[in-house]
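Please look through the sequence and the model below. The paragraphs that follow lead through it residue by residue and then as a whole.

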Amino acid sequence: MTETLTVSDGQSAAIGPGRLVLVVGPSGAGKDTLLGLAKAACADNPNIVFPRRVITRQASASEDNEEVSAGTFQEALARNEYAMHWEAHGHCYALSRAIDDEIRAGHTVVANVSRTVVAAMRTVYANVLVVSITAPPNVLAERLALRKRASDGKIENRLHRAVDEAAAGPDATIVNTSSAEYHARQLVRIIKGERWDG
C-alpha cells in the first residue's frame, strides 16, 4: 500500500456541530458515480455540501475534482489551506479548510476520501459518519478494466488495497451491485440521517 495521510493541526476542540460524511471504498466500487447522483438529489438543500477534492492527477469525466500541479498543491499546503491531505499511488489529494467553516455552520459535508484518514478525522471533527461503498472483487476488477484510467496503475495493486476495508470502521456499508440510482438513494438517506434498508 502506498498511502500516507497528514492532518493539518491547530485545532484543540473537535469541530462541530455539523456532520462530516466520509465516503470510502476500493477503486472501482463506484463512489464517484453514487456521489454524483447523491449531489444532484441534494441540490436543493443548502445544508448539504459536496466539496471538490484537490488532486494532482488528471481528473476523469466521472469526478468533480480540482486538478492542480504538484507545485501548486505544495504551495497551498505551505499556506495551510487544507483541512486534510493524503497521498496515494504517487498522487496528492486534499480537502480545503473551507469545510471547517461549513461544519461550524451546522452543515453536512460529504467527501470521498482515503480510508487512511478515518481514524484521525474522528478526533478532529465532532460528528463523523463513515460510509463504505464496495463490491465483490470480480466486479471491482471488471469496472477498473473498463474505465482504463492511466493514473490507476496496475489493477492488481488496486484490488490488493481493497482487502482491508474493515480498517475504515464504517458506520454504514453499501454493496454497489444493483442499479446506481438505487444505491444513490441509499446514500442520500444515510447522508440525511434517515433510516434505510441495506
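**Aromatic pairs and their surroundings**

Trp-86 has a relative accessible area of 3%, so this residue is buried. The model in which Trp-86 is placed is a predicted one. Applying the ring-centre limit of 6.5 Å, the search returns two aromatic pairs. In one of them, the ring centres of Trp-86 and Tyr-93 are 5.8 Å apart and the planes meet at 5°, so the pair is stacked; the cut-off for stacking is an angle under 30 degrees. Tyr-93 is likewise a buried residue, because its relative accessible area is 6%.

The rings of Phe-73 and Tyr-82 form a pair with centres 4.8 Å apart. Their planes stand at 35°, so this pair is classed as tilted. Phe-73 and Tyr-82 are both buried.

Phe-73 also leads to Thr-56, since the two residues are in contact. Where does Thr-56 lie? Thr-56 belongs to the loop that runs between strand 4 (54-55) and strand 5 (66-67). Is Thr-56 buried or exposed? With a relative accessible area of 19%, Thr-56 is buried, because the class requires a value under 20%. When neighbours within four places in sequence are set aside, the contacts of Thr-56 are Val-68, Ser-69, Ala-70, Phe-73, His-91 and Cys-92. With Cys-92 there is a polar approach as well: the side chain of Thr-56 comes to 2.8 Å from the backbone nitrogen of Cys-92.

Cys-92 itself is buried, at a relative accessible area of 12%. Cys-42 is buried too, with a value of 3%. A disulfide is a covalent bond between the sulfur atoms of two cysteines. The structure contains zero disulfides.

A second threonine, Thr-116, sits in the loop between strand 8 (108-112) and helix 4 (118-124). Its relative accessible area is 25%, so Thr-116 counts as partly exposed. The side chain of Thr-116 makes a polar contact of 2.7 Å with the side chain of Ser-114. Thr-116 and Ala-88 are 28 residues apart along the chain, and their C-alpha atoms are separated by 10.0 Å.

Charged pairs come next. How many salt bridges does a search of the whole structure find? The search finds four. Among them is the pair of Glu-81 and Arg-79, with an N to O distance of 2.5 Å. Glu-81 is partly exposed, at 34% relative accessibility. Another joins Arg-97 to Asp-100 at 3.4 Å, N to O. Here the acidic residue has a relative accessibility of 2%, so Asp-100 counts as buried.

A further salt bridge links Arg-122 and Asp-171, at 3.2 Å from N to O. Arg-122 is part of helix 4, while Asp-171 is in the loop between helix 6 (155-161) and strand 10 (172-175), so the pair ties together parts that are 49 residues apart in sequence. Arg-122 is partly exposed with a relative accessible area of 34%, and Asp-171 is partly exposed with 44%.

The remaining values describe the protein as a whole. It has seven helices and ten strands. Of its 198 residues, 45% are buried. Among contacts with a separation of 6 or more, 70% are between residues 24 or more positions apart. The protein exposes about 9700 Å², and 51% of that area is supplied by carbon and sulfur atoms.

Notes:
Residues numbered from 1 in each chain as written. Predicted model: local features only at pLDDT ≥ 70, side-chain atom pairs only at ≥ 80, totals over all residues. Heavy atoms only, no water. Helix = DSSP H or I, 4+ residues; strand = E, 2+ residues; numbered from the N terminus. Buried < 20%, exposed > 50% of the residue type's maximum accessible area, 1.4 Å probe, protein only. Polar contact = N/O pair within 3.5 Å; in protein donor to acceptor, adjacent residues only side chain to side chain. Contact = heavy atoms within 4.5 Å. Areas by Shrake-Rupley, 256 points an atom, 1.4 Å probe, with all protein chains shown as cover. Phe/Tyr/Trp six-rings, centres within 6.5 Å; stacked < 30°, edge-to-face > 60°. Disulfide = S-S within 2.5 Å. Salt bridge = Lys/Arg side-chain N within 4 Å of Asp/Glu carboxyl O.
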